[in-house]
Amino acid sequence: MTTIYRYLFPFLLSALFACGNQESKHDEIHTPMNMRFLALGDSYTIGEGVEENERWPNQLRDSLSQTDIRMDAPMIIARTGWTTAELKAGIETANPEGPFDLVSLLIGVNNQYRGPDRGYTPEGYREEFAELLQMAIGFAGGDPGRVLVVSIPDYGVTPFLAADQKERVGAEIDRYNAINLQESGHAGVLYADITPISRLAAERPGLIASDRLHPSGEMYALWVEAIIPVLKAALEDNHNR
């Protein structure tokens, strides 16, 4: 893997590995550093159905702040209903100015939802997702180690779908996630698999927002708990090189 967070590595390392130490040295100073975070996606990134502070990018920022990692409010380029092509167009319109210390990408559920009958295929998703990955890496200053792909959650477990559709949707979500996982591996970026967490909503209604389709703030908090170790593992990998 390429160099991980070369601009902020010392601060992340000290925060994630030393914050639990109750003893501190008076001559040891950890200077706060504001990270820039760009979050790219669709309804799952913009947080359809929840308050702004409950969106997972915002919760990630808040969680990191508890380990003395300072992050600016995330810049979010996302809209409910966006496909890969629509996200690309949205990015080009917003024209964010990098480099960013962390860039996340979560996209694909609307490609799956619209389906082949409307011209959206897994093959087309692969091509457009790979393009978005390269854009994300560009925004991260060319460093794949500062890009985080988040898997597509399984909305098939929500009350939004009829019982006879749930198995099909779950299988299709798995197929799309197999694609984004493979492309993420090729690109050398970080990957957080939150799909199993999303399926907990089948037995825990509180993980679903009031619209009966999107994740609740409680669900997003579980995603953040899964994402933090991915960032930590990346730092460990870099430290051991």
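**View 1. Helix α4 passes helix α6 in a left-handed crossing.** This is a close-up of a predicted model. Helix α4 covers residues 84-94, and helix α6 covers residues 122-139. Their axes come within 9 Å and cross at roughly 25°. Angles under 35 degrees count as roughly parallel, so α4 is roughly parallel to α6. From α4, the residues in contact are T84, A85, L87, K88, I91 and E92. They meet Y125, E128, F129, E131, L132, M135 and F139 of α6. By class, the residues of this contact are eight nonpolar, one polar and four charged.

**View 2. Helix α6 also crosses helix α7, and this crossing is right-handed.** Helix α7 spans residues 163-187. The axes of α6 and α7 come within 10 Å. They cross at roughly 40°. On the α6 side, the contact is made by P122, E123, Y125, R126, F129, A130, L133, Q134 and I137. On the α7 side, R175, Y176, I179, N180, Q182, E183, S184 and A187 take part. Nine of the contact residues are nonpolar, four are polar and four are charged. Y125 and F129 of α6 appear here and also in the contact with α4.

**View 3. Y120 lies in the loop between α5 and α6.** Helix α5 covers residues 109-114. Leaving aside residues up to four places away in sequence, Y120 touches T83, N111, R114, G115 and Y176. Among these, R114 is joined to Y120 by a polar contact of 3.1 Å between their side chains. Y176 belongs to the α7 side of the contact with α6. T84 is 36 residues from Y120 in sequence. In space, the two are 9.9 Å apart, C-alpha to C-alpha. T84 is also one of the α4 residues that meet α6.

**View 4. Five strands form an open sheet with parallel pairing.** The strand order is β4-β2-β5-β6-β7. β4 (75-78) and β7 (190-192) stand at the edges. Each has a single partner strand, so one side of each is left without a neighbour in the sheet. From one strand to the next, the twist averages 20°.

**View 5. Strands β5 and β6 run parallel, joined by three bridges.** Strand β5 holds residues 102-106, and strand β6 holds residues 147-150. One residue pair to look for is S104 and its bridge partner in β6, L148. Strands of a sheet pair through backbone hydrogen bonds. In the sheet order, β5 is listed between β2 and β6.

**View 6. Helix α3 lies across four strands: β2, β4, β5 and β6.** The helix covers residues 56-65. Strand β2 covers residues 37-41. α3 runs at about 155° to β2. Angles over 145 degrees count as roughly antiparallel.

**View 7. The loop between α4 and β5 holds N95 and P99.** A cis peptide bond joins G98 and P99. Omega of this bond is about 0°. N95 has a phi near 50°. That is a positive value in a residue other than glycine. The helix before this loop, α4, is the one that passes α6 in a left-handed crossing. The strand after the loop, β5, is bridged to β6.

Note on methods
Residues are numbered from 1 along each chain as its sequence is written. This is a predicted model: local features need pLDDT of at least 70, side-chain atom pairs count only at pLDDT 80 or more; totals for chains, interfaces and linings use all residues. Side-chain values use heavy atoms; hydrogens and water are left out. Two strands pair if DSSP finds at least two bridges between them. Helices (H or I, at least four residues) and strands (E, at least two) are DSSP runs, numbered from the N terminus. Axes are lines fitted to C-alpha atoms, for helices over the stretch in contact, and angles run from 0 to 180 degrees between N-to-C directions. Contact means heavy atoms within 4.5 Å. Angles under 35 degrees count as roughly parallel, over 145 as roughly antiparallel, 65 to 115 as roughly perpendicular and the rest as oblique. A crossing is left-handed if the near helix is turned anticlockwise from the far one by less than a right angle, and right-handed if clockwise. Ala, Val, Leu, Ile, Met, Phe, Trp, Tyr, Cys and Pro count as nonpolar, Asp, Glu, Lys and Arg as charged, and the others, Gly among them, as polar. A polar contact is a pair of N or O atoms within 3.5 Å; within protein, one must be able to donate a hydrogen and the other to accept it, and residues adjacent in sequence count only if both atoms are side-chain atoms.
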